[in-house]
Amino acid sequence: MSQFRPAKKRIDVTVGESVRIIRELQGLSQNQLADLTGIPQATLSGIENDKIRLGVERAKVIARALRCHPAVLVFPGWENHLESAA
């Protein structure tokens with residue numbers, strides 16, 4: 001494990017903000033994401049406003065719909081050692 005460096009925090013973004021940012025970057029509305037995931041729009045709104053916890057299972061479902069890794073949603077604002085080396 002000594003070959004790995006700890007991740008560094010780059011920006012302060014909440015989990016909900018990361019979901020909203022990635023959704024908006026892909027040009028999706030909350031209703032469209034709800035259709036893709038089967039998660040009610042009201043629940044997605046609550047997640048994006050940090051009133052409802054994302055949770056592991058919802059993170060997997062949303063990440064699949066947004067074509068990203070669940071860690072992007074769950075650990076927003078962190079840089080990995082590969083990015084910092086570039």
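This passage looks at the packing of two helices and at the surroundings of three residues in a predicted model.

A good place to begin is the pairing of helix H2, residues 30-37, with helix H4, residues 56-66. Two packed helices are described by the angle between their axes and the distance between the axes. For H2 and H4, the axes come within 9 Å and cross at roughly 110 degrees. An angle of 65 to 115 degrees counts as roughly perpendicular, and H2 and H4 are therefore roughly perpendicular to each other. On the H2 side, the contact is made by Leu33, Leu36 and Thr37; on the H4 side, Val61, Ile62, Ala65 and Leu66 meet them. Sorted by character, the residues of this contact comprise six nonpolar and one polar, with no charged residue.

Threonine 37, which belongs to helix H2, deserves a closer look. With a relative accessibility of 14%, threonine 37 falls under the 20% limit and so counts as buried. Beyond residues up to four places away in sequence, threonine 37 touches Leu44 as well as Val61, Ile62 and Ala65. The side chain of threonine 37 also reaches a backbone atom, the nitrogen of isoleucine 39, at 3.1 Å.

Attention now turns to helix H3, residues 41-48, where glutamate 48 is found. The relative accessible area of glutamate 48 is 7%; because this value is under 20%, the residue is classed as buried. A polar contact of 2.8 Å joins the side chain of glutamate 48 to the side chain of glutamine 30. When neighbours within four places in sequence are left aside, the residues in contact with glutamate 48 are Gly16, Glu17, Val19, Arg20, Arg23 and Gln30.

The remaining residue to visit is histidine 69, located in the loop between H4 and helix H5, the latter spanning 70-74. Histidine 69 has a relative accessible area of 55%, and because exposed means over 50%, histidine 69 is exposed. A polar atom of the histidine 69 side chain lies 3.0 Å from the backbone nitrogen of alanine 71. Histidine 69 can also be placed relative to alanine 59: the two are ten residues apart in sequence, and their C-alpha atoms are separated by 8.9 Å in space.

Taken side by side, the three residues divide by accessibility: threonine 37 is buried, glutamate 48 is buried, and histidine 69 is exposed.

Terms used. Residues are numbered from 1 along each chain as its sequence is written. This is a predicted model: local features need pLDDT of at least 70, side-chain atom pairs count only at pLDDT 80 or more; totals for chains, interfaces and linings use all residues. Side-chain values use heavy atoms; hydrogens and water are left out. Axes are lines fitted to C-alpha atoms, for helices over the stretch in contact, and angles run from 0 to 180 degrees between N-to-C directions. Helices (H or I, at least four residues) and strands (E, at least two) are DSSP runs, numbered from the N terminus. Angles under 35 degrees count as roughly parallel, over 145 as roughly antiparallel, 65 to 115 as roughly perpendicular and the rest as oblique. Contact means heavy atoms within 4.5 Å. Ala, Val, Leu, Ile, Met, Phe, Trp, Tyr, Cys and Pro count as nonpolar, Asp, Glu, Lys and Arg as charged, and the others, Gly among them, as polar. Buried means under 20% relative accessible area, exposed over 50%, partly exposed in between (1.4 Å probe, protein chains only). A polar contact is a pair of N or O atoms within 3.5 Å; within protein, one must be able to donate a hydrogen and the other to accept it, and residues adjacent in sequence count only if both atoms are side-chain atoms.
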